[in-house]
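Student: Hello! Could you walk me through this molecule with a few questions and answers?

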Amino acid sequence: MSDITAPATSLATAPPKRARPLPPPMVLFGLAWLAAMLVIAVLADVISPYGYTALDLRNRLSPPVFMGGTWLHPLGTDELGRDVLARLIYSIRMSLLIAFGATIIGAVVGTTLGFLAAHFRGFVEQVVLALVDFSASLPFLILALSVLAFFGNSMVLFICLLGFHAWERYARIARGLAISAGAQGYAAAVRQLGASPWRIYGRHVLPNIASTLIVSMTLAFPEIILLESGLSFLGLGVQPPETSLGSMVGYGREYLTRAPWILLAPAFTIILTTLSVSLIGDWLRDRLDPTLR
């Protein structure tokens, strides 16, 4: 009888599993803010009170509600009577589209070149490392200004150009971790079983380094938002009639003394979005780095 009841007693006294702690309050704020930005970007056509090019000349430079304006335009209007809230909503969609597209392009290009360097070694590796050093030493803002001034501006070119920002970061990470994976033996074991390079790197190496790449993407994301804002501020980013957060800031600088709300709303959004992504990236780095556990 004692042999039967002993396991039940040990199971009854087993300590309960610990619940995972919640992220810090600032990280929760960053997650909530970024989720709100994504919802606004997806539902921009539904929640926007006006079109971002709609004119209301009778309410030109109308102040926002908190400065004595009316609820007809809660965040005020610009000198053409365009609703600042509507333009802000569509600007969030455009800026996030550019940032996500450029981040994914940079990650794919850098990771692919890093895997090629790790797989072939020798001459191919030296070429990739030379490109990495050249890209890291070249001021990206000067390169972007030159390319956009010479080839003209289009949305596809603009996103692809921003995608080449910090691609060398992913290349270095992918190359180093792929070489480390080969040294650990599991990649070589799969290769001896007859797996193709695509299967080795896509099914075995990439999942093991995905956490590091994701953290790098969260760190590069706010950099691309700021680059887009800077280039649009200089008039080389998103072109009218399209709008983005950076172009709104650049447009509103001419009315900073008369109508500061035109500039402050997108500038505040840029600050909080980049801060939120940076907080999430730091938290993910601490959570996914095995040396910090």
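**Loops, helices and a cavity**

Student: Where is the place of Leu 61?
Tutor: Residues are numbered from 1 along each chain as its sequence is written, and side-chain values use heavy atoms, with hydrogens and water left out. This is a predicted model, so local features need pLDDT (the predictor's confidence in each residue, from 0 to 100) of at least 70 and side-chain atom pairs count only at pLDDT 80 or more, while totals for chains, interfaces and linings use all residues. Helices are DSSP runs of H or I with at least four residues, and strands are runs of E with at least two, numbered from the N terminus. On that basis, Leu 61 sits in the loop between helix 3 (44-47) and helix 4.

Student: What is the phi of Leu 61?
Tutor: Most residues other than glycine have a negative phi. Leu 61 is not a glycine, yet its phi is positive, at about 55 degrees.

Student: Is Leu 61 buried, partly exposed or exposed?
Tutor: Buried means under 20% relative accessible area, exposed means over 50%, and partly exposed lies in between, with a 1.4 Å probe and protein chains only. Leu 61 has a relative accessible area of 23%, so it is partly exposed.

Student: Which residue in the loop between helix 4 and helix 5 has a positive phi?
Tutor: The residue is other than glycine, and its phi is near 55 degrees. Its relative accessible area is 38%, so it counts as partly exposed. The loop between helix 4 and helix 5 (122-137) is the place of this residue, Arg 121.

Student: How many helices does the chain have?
Tutor: From the N terminus on, each element of the chain is α. There are zero strands, and the helices come to 12.

Student: In which helix is confidence lowest?
Tutor: The chain averages a pLDDT of 82, and 85% of the residues score at least 70. Over residues 8-12 the pLDDT is below 50, and this stretch has zero contacts (heavy atoms within 4.5 Å) beyond near neighbours in sequence. Where pLDDT is low, the predicted coordinates should not be read in detail. Confidence is highest in helix 2 (residues 25-42), at a mean of 93, and lowest, at 49, in helix 1.

Student: Is Gly 237 buried or exposed?
Tutor: Gly 237 lies in the loop between helix 10 (197-233) and helix 11. Not counting residues up to four places away in sequence, Gly 237 touches Asn 153, Phe 158, Leu 231 and Ser 232. Its relative accessibility is 2%, so Gly 237 counts as buried.

Student: Which residue is joined to Pro 240 by a cis peptide bond?
Tutor: Most peptide bonds are trans. Here omega is about 5 degrees, and the bond from Pro 240 is cis. The partner lies in the loop between helix 10 and helix 11, and it is Pro 241.

Student: Which helix gives the most to the lining of the largest cavity?
Tutor: A cavity is a set of points on a 1 Å grid over the protein atoms alone where a 1.4 Å probe fits but cannot get out, and lining residues have an atom within 4 Å of a point. The lining of the largest cavity includes Ser 247, Met 248 and Tyr 251. Helix 4 (84-120) and helix 11 (245-252) each supply at least two lining residues. The one that gives the most, with three residues, is helix 11.

Student: How many residues of helix 11 are buried?
Tutor: Among the buried ones are Leu 245, Gly 246 and Val 249. Helix 11 is mostly covered, and of its eight residues the buried ones number seven.

How values were computed:
On a 1 Å grid over the protein atoms alone, a cavity is a set of points where a 1.4 Å probe fits but cannot get out, and a pocket is an open set with protein on both sides within 12 Å along at least five of seven lines; lining residues have an atom within 4 Å of a point.
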